[in-house]
Amino acid sequence: MSTAHVETGPPAGGAGAQARPRRHHFAFGDPLFRWFTIVCAATVAAAMFVLIGVLVKNSWLAIHVLGIKPLTHVAYNPSTNQYGALSSLFGTFVTTILAMLIAVPLALAISLLLVELVHPVVSRILGTSIEMLAAVPSIIFGMWGIFVVAPLMANHVEPWVQSTPLGRLGIFSGAPVGLGILTAGVVLSLMILPFITAVSRDVLQMVPTVVKEAGYGMGSTTYEVMRKISMRYALSGIAGAVFLGLGRALGETMAVAYVIGGNFTALPHSLFANGTTVSATLALNFGESSSKLETSSLIELALILFVITMVFQVIAQLWLARARRMTGSRA
Amino acid sequence: MPPRSVGRRRLANRVVTAGAWTAGAIGVFVLGWIVTTVVVRGIGAWNVAFFTQLPPNGTDTGGGLANCIIGTLVITFGAAIVGLPLGFFGAIYLSEFGRAGRVATGIRAVTNIVLGVPSIIAGMFAYAILVLPSHHFSGFSASLALAFIMLPVMTRTAEDVLNLVPNELRESALAMGVPRWKATLGVVVKAARGGLITGAILAVVRVAGETAPLLFTALSSQYWMSGLFGNSGYFGGPTPNLTKEIFDLSGQPYPHLVQLAWGGALLIIVAVLGVNVLTRLLFQRGKEW
C-alpha cells in the first residue's frame, strides 16, 4: 500500500491535470492509516475485556467450589482448606482509609501552596519534587518502610501513642512491633500523596483568575478565596482527584506487602497489629500456591480487587469529566 | 452575616498558610529522606563485582546483580516495543481522527480506567494468558504485563501533547494537498516530537521500576539470560530482573545480602529519578506550545 504513495511522488508538485488520479491513490492511504490507528487505540479496550475474561475464567473453579465462602470467612490458609477473603478485604479498606485521612489534607494543602502561595518558579521546583515522589518505585517505598519507618514506629511513635491518653483505646493496643496496619497506612499515604496533589493542583489552576481577583477585591484573605471560591469552583475536580488516589491506594502492592506483617488468618485487633491486604495476600502467596484451587482462589481475590478499583476509577472519571464540563477545559 | 473580626480572619489565614508550607516541607522532606536512605545504604554495595557478577550462591558473600541489570533492561525494552507504538498510534487516532466522537470517547474512558488498574493485576493478567498455558515463566510475559501498564500512560500523554499542536498547522498541511496520513506523521507529529519523546521516556521509566507485575511472570533467576529461547531465555524461562531480586534479597537475614538489595535499589532510583530529571530538562521546550 505504502509503495503506491511513494510512486506518486511528492504531493505538492504536480499540475492540475495530475491531481485527480493522485487523489484517487491517496483515498486508499488515508482510510488505511485511519483504520490502523483505530485498531491501535482499541487495543487497550480489547486488552481490558480479555483481562476481565481471563480473571473470571481462572477464578471459576474457586467460585464454583467455594461459593460465597470467601466473602463470609476471615482466615486465608490453604493448608487447612480455608480460603477466606475478609482478612484481606478488611486490611485493604482500613489501610486505604488511613492513607486517605493523611494524604488528602496534605495534598490539598500542598496544591494550595503551589497554586496560590508561592512564586511560580518556586512552585515549579516544589511541584517537580512532589512529582519525583510519584516516580519513586513502590519497592523502594517498601524497603524504606521496613528498614526505616517500621523501627521508628516500633521504638518511638507507637510507644509514645500508648503513653498518651489515646493509648487506652483498643485501636492502639498490643505490642508496638512497627509492622502492621498503621505503618502500611502511613507509607501508603506518602505514595498516593503526589497523585492527589498533581490532579488537585491542575484543577485549582483551572479556576479563572478573574473569579479569584473578585474575591480578593472584596477584601478576602487567601484562605477565604481558597475555601470559598477556588475549592467550590474546583470541587468536582478535587473529588475526582481524591477517588483517583483512593483507587491507587486500594491496589498498591509492594510497599504494603513489605510493612503490613502478612497476617492472613485473623482480623487485626488494633492498628498496631499485623494484617494483610488483597494485593499483599496475592503478592505473598501466589508464588507458593501449590494447588489449582489455591491458585484459582487467589485469582478470584484479584478479580474482587479489580472490580473494586474499577468502581472507584469510574467514579473518579465521572467527577473529573464533570469538572471538565464545568470549566470548559480539555485537560 | 455578622461581621467577623479581622484579627480572627487573619489568624485563620496565617494558620492555613503555615499548614500549607508544612505540608510542602513534609513532601520534600520525605523525598529527601528516601533518596538519602537509599544512597547511604546502597553506595557500599557498588563495586566492580556488583556490575559484573552473578548474585551470590546461598549465603556467600560478594557477587553482584549483573544478570538482573541486563534482564531488567531486556524486559523493559520488550515492554516498550509493544506498548509505545500501540500507545502512539492510538493517541493519533484519538487526537486526529476520533476527537470528540463516540468511539474515541469510549476508548478514552476505557484507557483512563486501565490507567488505574493495579499493577499486580497486570501481572496476574500476563500470568493467566501466557504463563498458565505455556507452563513456564518468562521474561516476555513480564514485558507484556509492563506493556499493559505502559500503554494507557503513553496513549494519554501522547494525546495531550498532540492536542496542543495548533489546528492551523494541520490545515495548512492539508491545504498543500498532502494526504492526511502524511500531514499527521510529517507535520503534526513532527511539531509535537519533543513532548512525544518526553512522554515515551517517562512511560518507559515508570514501568522500569515495577515489581508486582514481575512476581508471577519473570520470577527471578540466579543465572545469566541465554538468548531468546530455551530454559533461561527471554521467551523460555524465569528471567533475572532487579526488582524481584531486590525483593528476595531484602527479606534475607544476612546483612551482606540486604546491602546488595540496597545497591540494586540505588541503581533503580538513580536511573528512574535521573532519567526523569534529565528528560524534563532536555525536552522542556516541547511544552511551550
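Start in chain A of this predicted model by selecting A:P70, A:Y76, A:Y83, A:G84, A:A85, A:S297, A:E300, A:L301 and A:I304, the residues that line the largest cavity. Show them as sticks and look at the space they enclose: the volume of this cavity is about 50 Å³. Cavities of 30 Å³ or more number three in the model.

Colour the lining by residue class next. Six of its residues are nonpolar, two are polar and one is charged. The charged one is A:E300, because Glu counts as charged. The polar ones are A:G84 and A:S297, because Gly and Ser fall in the polar class here.

Which helix gives the most to this lining? Select residues 292-327 of chain A: this is helix α13, and its share is four residues.

**The contact between the chains**

Now bring chain B into view and select the residues of each chain that touch the other. The selection should hold 81 residues from chain A and 81 residues from chain B. Together the two chains bury about 7,100 Å² between them, and carbon and sulfur atoms give 79% of that area. On the chain A side, pick out A:F33, A:V44 and A:W144; these supply 9% of the area that chain A buries against chain B, more than any other three residues.

Turn to the polar links across the contact. Nine residue pairs, both members at pLDDT 80 or more, are in polar contact between chain A and chain B. The salt bridges between the two chains number two. For a salt bridge to centre on, select B:R9 and A:E224, whose closest N and O atoms lie 2.7 Å apart.

From there, move to helix α2 of chain A, residues 16-66. This helix gives the most to the side of chain A that touches chain B, with 21 residues. Colouring that whole side by class gives 54 nonpolar, 19 polar and eight charged residues.

**Chain B as a whole**

Finally, hide chain A and display chain B as a cartoon. How many helices and strands does chain B have? The cartoon shows eleven helices and zero strands, so defined as DSSP runs. Followed from the N terminus, the elements read α-α-α-α-α-α-α-α-α-α-α. To set the frame of the view, orient chain B along its principal axes, where the C-alpha trace spans about 70 × 65 × 35 Å.

Terms used: Residues are numbered from 1 along each chain as its sequence is written. Chains are lettered from A and ligands numbered from 1 in the order in which they are written. This is a predicted model: local features need pLDDT of at least 70, side-chain atom pairs count only at pLDDT 80 or more; totals for chains, interfaces and linings use all residues. Side-chain values use heavy atoms; hydrogens and water are left out. On a 1 Å grid over the protein atoms alone, a cavity is a set of points where a 1.4 Å probe fits but cannot get out, and a pocket is an open set with protein on both sides within 12 Å along at least five of seven lines; lining residues have an atom within 4 Å of a point. Grid points are joined across faces, edges and corners, and a volume is the space filled by probe spheres set on the points. Helices (H or I, at least four residues) and strands (E, at least two) are DSSP runs, numbered from the N terminus. Contact means heavy atoms within 4.5 Å. Buried area is the accessible area (1.4 Å probe) that two parts lose on being put together, summed over both. A salt bridge is a side-chain nitrogen of Lys or Arg within 4 Å of a carboxyl oxygen of Asp or Glu. A polar contact is a pair of N or O atoms within 3.5 Å; within protein, one must be able to donate a hydrogen and the other to accept it, and residues adjacent in sequence count only if both atoms are side-chain atoms.
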